[in-house]
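User: I have a protein model open and I'm new to this. Can we go through it piece by piece?
Analyst: Yes. Have a look at it first.

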Amino acid sequence: MQFLRHSASRTLSGVSKVSIRFISCERNAGHRVRRKDLRSSEQDVEYVLKNGLRHVEPYFFTHKTFAKERWLGRPLVSVLQTEFKDRPSEYYQTAVMEGWVTVNGVKVSPDYTFKPHDILAHTLHRHEPPVTSDHIKIIYEDENMLVVDKPASIPVHPTGRYQHNSILNILKHDHGYQSLFPANRLDRLTSGILIFARTKESAQLIEKAMRAREIQKQYVCRVLGEFPREVVCDERLLTVSHRLGLNVVSPQGKESTTVFERLFFDGETSIVRCKPVTGRTHQIRVHLQYLGHPIANDPLYANSNAWGPDRGKGKVYDAAECESVIEELVAHEFLSGGKVMPERALCQTCNIPTYYDPQPGQLCIWLHAIQYALNNFTFQTDLPLWASRDYSPEKYRHLIQF
């Protein structure tokens, strides 16, 4: 894989509205539907930029999925109420009775039990949480690769409540980029360098370099307290909730190593350079939590309500111990892009409470991928505002809420 030096960067300007269309695909009688045939129904959707946020106008959407193995033999409504918690439990009873939820293309009773190869479809009026309308800065591009500076708050690819408010779809629908293959992962609330391959061949080469640990990565973060000058954390990490992406330090986990270096301490928080040797989910965030210096505004790992007053410092967990933590995080929607506010007016179309506009402090965590390097070739971004020496405690103290 060849990486070329970039000599300049450019910025993608936002637009007021962009039309988007879904592709329709129905199930043919007697034909087993392939996974790639599970498409949404046709619908026009619009982006709207206002008050520093990118909104997606609510739209009708039909989500289709094969029945999971854990659903087999379970009643339909029970599965809906336990697996899809973004709507009230009573909603799903009505949705099944009204035929908004179907199995294999037909209306069924609420006590229908799932069988192998069943296809669940749910037509709903979909509300996506807003994300920042900040520009997506292009660091480098050629026929094989696109490298961008990802703004915080936007997921890389469609996931959960986010479909069109994702980096892939914003780049595609606003600016015409097609067939992009993410080569590295960044959490929704994390900003910084994001590499896309533009062909399957280049994607394989970048993935090979990643697996061989030939790409050196550097992040910066702002953590609670006075961080040690230098420290290496090699605690093993275990995923305890795939739904939340939640990881903990555990001897049953995977090998993980991160090198940390304190850049400066302002009396309350430290700016730290992070060099992950391995690439586990939430690796930097969990290692910092274990060391007793979580990212200062991290709603997951700096959360004393969920982890206790020590915020998980030095704790080694097993999966069973984390059940109460997971329940606390889910109950208070700490991972939501916009918390549902019951006191707000209901949507006139679907009678579901709408999202409020998130505040700036809810759009990011103080973790930024600042540099990716391979051999003599380097991609680098500017420091975010929150990582500068001028960002004093008086400016950020109110953003530390956990």
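**A chat about sheets, core and loop**

Analyst: Strands E5 and E7 (residues 119-126) pair in the antiparallel sense over 8 bridges. Keep in mind that this is a predicted model.

User: Which residue in E7 is the bridge partner of Thr65?
Analyst: Leu120 is the bridge partner of Thr65.

User: What is the strand order in that open sheet of 3 strands?
Analyst: The order is E5-E7-E6, and the pairing is antiparallel. Strand E5 (59-66) and strand E6 (101-103) are at the edges with a single partner strand each, so each has one side without a neighbour in the sheet. From one strand to the next, the twist averages 15 degrees.

User: What packs on the sheet?
Analyst: Helix H2 does, and it touches E6 and E7. The direction of H2 makes about 110 degrees with that of E7.

User: Ok, H2. Is Glu90 in there buried or exposed?
Analyst: Glu90 is found in H2, which covers residues 89-98. Its relative accessibility is 56%, and exposed means over 50%, so Glu90 counts as exposed.

User: How far apart are Glu90 and Val77?
Analyst: They are 13 residues apart in sequence, and their C-alpha atoms are 9.5 Å apart in space.

User: Now the inside. Which residues in the largest nonpolar core touch the most other members?
Analyst: Leu76, Phe196, Leu246 and Trp366 do, in a core of 102 residues. At least three residues of this core come from each of domain 1 (59-126) and domain 2 (131-399).

User: What is Leu76 in contact with?
Analyst: Leaving aside neighbours within four places in sequence, the contacts of Leu76 include Val96, Val101, Val103, Tyr112, Phe114 and Leu120. That last one, Leu120, is also the bridge partner of Thr65.

User: New topic, strand E10. How many of its residues are buried?
Analyst: E10 (residues 145-150) has 6 of its 6 residues buried, so to speak of its faces, both are covered. Met145, Val147 and Asp149 are on one side, with Leu146, Val148 and Lys150 on the other.

User: Why do the residues split into two sides like that?
Analyst: Side chains in a regular strand alternate between the two faces of the sheet.

User: Which strands does E10 pair with?
Analyst: Strand E9 (residues 136-141) pairs with E10 in the antiparallel sense over 4 bridges. Within that pairing, Ile138 has Val148 as its bridge partner. E9 and E10 form a hairpin, with 3 residues between them. E10 also pairs with E12, again in the antiparallel sense, over 6 bridges. There, Asp149 stands opposite Ile193.

User: Where does UniProt place the "active site" feature?
Analyst: The UniProt record, an unreviewed entry, places it at Asp187. Asp187 lies in the loop between strand E11 (181-182) and strand E12 (191-197).

User: And how accessible is Asp187?
Analyst: Its relative accessibility is 24%, and partly exposed runs from 20% to 50%, so Asp187 counts as partly exposed.

User: What does it touch?
Analyst: Apart from neighbours within four places in sequence, Asp187 is in contact with Lys150, His282 and Arg285. Lys150 is one of the buried residues of E10.

User: Last one, helix H3. Which residues there are buried?
Analyst: In H3 (residues 167-175), the buried residues are Ile167, Leu168, Asn169, Ile170, Leu171 and Asp174.

User: What follows H3?
Analyst: Gly176 follows H3, and its phi is positive, near 80 degrees.

How values were computed:
Residues numbered from 1 in each chain as written. Predicted model: local features only at pLDDT ≥ 70, side-chain atom pairs only at ≥ 80, totals over all residues. Heavy atoms only, no water. Helix = DSSP H or I, 4+ residues; strand = E, 2+ residues; numbered from the N terminus. Buried < 20%, exposed > 50% of the residue type's maximum accessible area, 1.4 Å probe, protein only. UniProt positions renumbered as here; feature names shortened; annotations may be inferred. Contact = heavy atoms within 4.5 Å. Pairing = 2+ DSSP bridges. Axes fitted to C-alpha atoms, helices over the stretch in contact; angles between N-to-C directions. Core = buried A, V, L, I, M, F, W, Y, C linked by side-chain atoms within 4.5 Å. Domains from an automatic or database assignment.
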